[in-house]
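The following exercises are to be worked through with the sequence and the coordinates at hand. Each task is followed by a solution in steps.

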Amino acid sequence: MLDEHEYQRYDRQIALKCVDIEGQERLKATRILVIGAGGLGSAAAPYLASSGVGHITISDFDKVELSNLHRQTCFTENDIGRYKSEAMCDRLLTNNSHISCVPITSKQSSQLLTEAIIEHDLVLDCTDNKPTRELINEICWQQKTLLISGSAIRTEGQVGVFTANKNEACYQCISSQFSDAPSSCVMSGILPPVVGIIGSMQALIAINSIIAPNSVVTNAFYYFDGLSMEWIPYKVKPAPACKICG
Ligand SMILES: [Zn+2]
């Protein structure tokens, strides 16, 4: 149930037919795991918190560095040297004291990651490398947990929605077509608003999946070109030979 302060706080979104009081209560009852507190997490997590998602866990073992600040907008110069997950939780709770936020600062083994995913309703993958994304996908598939996967590099980004339902694609179905060569924002660079757009899109899909589950497009993969401003949607087909879902 929402209290008087929450009704006031969320008034402008409760006014939406697609949210209403019922949707707002569902947001409050939802637990989201955000894996990665970099640029994508910095964009996605504040919207989840300000929208009233009741519990958010932030998992990241990195600490804030000066070179993060141009795109990881949750952090300030005072956060340099702090664990990103702790600094991000502080930032979210400063905005909204009605929610709970728990940081995970240790590196997650497959076992620990599984335990964390089991405790949440959906996962936002905001990490920065393919092997970690594939591991998160494998566990989400096993646990039948909705996965909203984002990535951004240079001037482009991608968002994928994977529902872990039979006859629907998983992240591995498409990632097997990507290069295994390591690439990162450190090596290739990144234009800051691009991670903001991709992270915001992840938050939007997450909120939609809570307030209007039937609106979530399955087998969906979106490519964003930050120079031409084009969004290109793809329908992903399950790969029959996929080692996770095939
Ligand atoms: Zn697959």
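Two elements are in contact when heavy atoms of one lie within 4.5 Å of heavy atoms of the other. The model examined here is a predicted one.

**Exercise 1. Describe the overall dimensions and make-up of the protein chain.**

Step 1. The protein chain contains ten helices and eight strands.

Step 2. Its radius of gyration is 17 Å, close to the 18 Å that the globule rule gives for 246 residues, so the chain is as compact as a globular protein of that length.

Step 3. The C-alpha trace spans about 50 × 40 × 40 Å along the principal axes.

Step 4. Of the 246 residues, 50% count as buried. Among contacts with a separation of 6 or more, 67% come from residues 24 or more positions apart.

**Exercise 2. Establish the strand order of the sheet and identify which strands stand at its edges.**

Step 1. The eight strands form an open sheet in the order 3-2-1-4-5-6-7-8, and the pairing is mixed.

Step 2. Strand 3 (100-104) and strand 8 (230-235) each have a single partner strand, so one side of each is left without a neighbour in the sheet.

Step 3. From one strand to the next, the twist averages 15 degrees.

Step 4. Strand 4 (residues 122-125) and strand 5 (residues 146-153) run parallel and are joined by four bridges. Within strand 5, Ser-149 is the residue opposite Asp-125.

**Exercise 3. Determine how helix 7 is placed on the sheet and which of its residues are buried.**

Step 1. Helix 7 (residues 130-143) packs on the sheet and touches strand 1 (31-35), strand 4 and strand 5. The direction of helix 7 makes about 170 degrees with that of strand 5.

Step 2. Helix 7 has 14 residues and reaches 20 Å from its first C-alpha to its last, close to the 20 Å expected at 1.5 Å a residue.

Step 3. A residue is buried when its relative accessible area is under 20%. In helix 7, this applies to Lys-130, Arg-133, Glu-134, Ile-136, Asn-137, Ile-139, Cys-140 and Trp-141.

Step 4. These buried residues pack against strand 1, helix 6 (110-118), strand 4, strand 5 and helix 8 (171-175).

Step 5. After helix 7 comes Lys-144, whose phi is positive, near 55 degrees.

Step 6. A second helix on the sheet is helix 5 (residues 84-95), which lies across strand 2 (55-59) and strand 3 and runs at about 170 degrees to strand 3.

**Exercise 4. Examine the salt bridges and state whether the partners are buried or exposed.**

Step 1. The criterion is a side-chain nitrogen of Lys or Arg within 4 Å of a carboxyl oxygen of Asp or Glu. By this rule there are six salt bridges.

Step 2. Glu-6 and Lys-28 meet in a salt bridge at 2.9 Å, N to O. Glu-6 belongs to helix 1 (residues 4-9) and Lys-28 to helix 3 (residues 20-28), so the pair, 22 residues apart, links distant parts of the chain. Glu-6 is buried, with a relative accessible area of 3%, whereas Lys-28 is partly exposed at 31%.

Step 3. Asp-11 forms a salt bridge with Arg-12, and their closest N and O atoms are 2.6 Å apart. Asp-11 is partly exposed at 36% relative accessibility, while Arg-12 is exposed at 71%.

Step 4. The side chains of Asp-79 and Arg-82 meet at 3.3 Å, N to O. Asp-79 counts as buried at 9%, and Arg-82 as partly exposed at 27%. Salt bridges that share partners join Asp-79, Arg-82 and Asp-90 into one network.

How values were computed
Residues are numbered from 1 along each chain as its sequence is written. This is a predicted model: local features need pLDDT of at least 70, side-chain atom pairs count only at pLDDT 80 or more; totals for chains, interfaces and linings use all residues. Side-chain values use heavy atoms; hydrogens and water are left out. Two strands pair if DSSP finds at least two bridges between them. Helices (H or I, at least four residues) and strands (E, at least two) are DSSP runs, numbered from the N terminus. Axes are lines fitted to C-alpha atoms, for helices over the stretch in contact, and angles run from 0 to 180 degrees between N-to-C directions. The expected span of a helix is 1.5 Å times one less than its number of residues. Buried means under 20% relative accessible area, exposed over 50%, partly exposed in between (1.4 Å probe, protein chains only). The radius of gyration is taken over C-alpha atoms; the globule rule is 2.2 Å times the number of residues to the power 0.38.
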